[in-house]
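Reader: I am new to reading protein models, and I would like to go through one slowly, with each answer explained. Could you show me the sequence and the structure before we begin?

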Amino acid sequence: MTVFAIILLILLGLLLLLIEFAVIPGVTIAGIGGFVLLGISVYIAFTEYGTGIGFLTLTFVLIASPLLIFYFFKSKTGKKMVLDSLIDGKVETVDAQKIQVGDTGKTIGRLAPSGKVKVSGEVVEAQSTGAFIDHNTEIKVLKILTNKIIVEPVNK
């Protein structure tokens, strides 16, 4: 009877862990209950059958639990739950060959303190040195970063 109880506790514990990962994510009663049932099954195996069977049960539980979760998420049902999209976006970079430090241009919109400017025919993201710069104001490039430039008004 105790062998049946140990096997039943292991199966129920694994089922509760699967429910924890698949249906109600987070730390809930199902996850805690699954770990408790697995622990009780190992405890019963140690107390009723000794260290040999106890360690065998512990090894089975420690191998079966991660494998069950791994193969669940590799299955057709598990793949529906996993975000598997490829992000191919990129950050717009400043062309350092077209825009140089010291070049002048005009703001397209208000820089408060960042916005769009047109320098050397290129529209790029810019940031002022701290002050707001109004629309259609002449600006000068102070510094070029990877994805934006630092500017200041010319008539400063």
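Reader: In which loop does Asn136 lie?

Author: This is a predicted model, and what follows should be read with that in mind. Strand 4 covers residues 138-144, and strand 3 covers residues 122-128. Asn136 is found in the loop between strand 3 and strand 4.

Reader: What is phi of Asn136, which is not a glycine?

Author: Most residues other than glycine have a negative phi. Asn136 is not a glycine, and yet its phi is positive, with a value of about 65°.

Reader: Does Asn136 count as buried, partly exposed or exposed, and at what relative accessibility?

Author: Buried means under 20% relative accessible area and exposed means over 50%, with partly exposed in between. Because its value falls between those two cut-offs, Asn136 counts as partly exposed, and its relative accessibility is 46%.

Reader: Which pattern does the protein chain follow when it is read along the sequence?

Author: The protein chain has 3 helices and 5 strands. Read along the sequence, the helices are followed by the strands, which gives the pattern α-α-α-β-β-β-β-β.

Reader: What is the radius of gyration of the protein chain, and what does the globule rule give for 156 residues?

Author: For 156 residues the globule rule gives 15 Å, and the radius of gyration of the protein chain is well over that, so the chain is more spread out than a compact globule. The C-alpha atoms fill a box of roughly 90 × 30 × 25 Å, taken along the principal axes. The two values asked for are a radius of gyration of 31 Å and a globule-rule value of 15 Å.

Reader: How many residues apart in sequence, and how far apart in space, are Ile10 and Thr129?

Author: Ile10 belongs to helix 1, which spans residues 2-22. Along the sequence, Ile10 and Thr129 are 119 residues apart, and from C-alpha to C-alpha the distance between them is 64 Å.

Reader: Is Ile10 buried or exposed, and which residues does it touch when those up to four places away in sequence are not counted?

Author: Ile10 has a relative accessible area of 7%, and because buried means under 20%, this residue is buried. Leaving out residues up to four places away in sequence, Ile10 touches Leu38, Ser41, Thr57, Phe60 and Val61.

Reader: At what relative accessibility does Leu15 count as partly exposed?

Author: Leu15 lies in helix 1, which is also the place of Ile10. Whereas Ile10 is buried, Leu15 counts as partly exposed, because its value lies between the cut-offs of 20% and 50%, at 45%.

Reader: Which residues does the cis peptide bond join, and what is omega there?

Author: Most peptide bonds are trans. Pro113, however, which is found in the loop between strand 1 (104-107) and strand 2 (114-119), takes part in a cis peptide bond. The bond joins Ala112 and Pro113, and omega is about -15°.

Reader: Through how many residues does a hairpin join strand 1 to strand 2?

Author: Strand 1 and strand 2 pair in the antiparallel sense over 3 bridges, and within this pair Lys106 stands opposite Lys118 in strand 2. The hairpin joins strand 1 to strand 2 through 6 residues.

Reader: Which residue takes a positive phi in the hairpin of strand 2 and strand 3?

Author: Strand 2 and strand 3 run antiparallel and are joined by 6 bridges, with Gly115 standing opposite Ala126 in strand 3. The hairpin has 2 residues between the strands. The residue with a positive phi, near 55°, is Ser120.

Reader: In strand 4, which residue is the bridge partner of Thr104?

Author: Strand 1 pairs with strand 4 in the antiparallel sense, over 3 bridges. Within strand 4, the partner of Thr104 is Lys140.

Reader: In strand 5, which residue is the bridge partner of Ala126?

Author: Strand 3 and strand 5 (residues 149-153) run parallel and are joined by 3 bridges. Ala126, which also has Gly115 opposite to it, has as its bridge partner in strand 5 Ile149.

Technical notes
Residues are numbered from 1 along each chain as its sequence is written. This is a predicted model: local features need pLDDT of at least 70, side-chain atom pairs count only at pLDDT 80 or more; totals for chains, interfaces and linings use all residues. Side-chain values use heavy atoms; hydrogens and water are left out. Helices (H or I, at least four residues) and strands (E, at least two) are DSSP runs, numbered from the N terminus. The radius of gyration is taken over C-alpha atoms; the globule rule is 2.2 Å times the number of residues to the power 0.38. Buried means under 20% relative accessible area, exposed over 50%, partly exposed in between (1.4 Å probe, protein chains only). Two strands pair if DSSP finds at least two bridges between them. Contact means heavy atoms within 4.5 Å.
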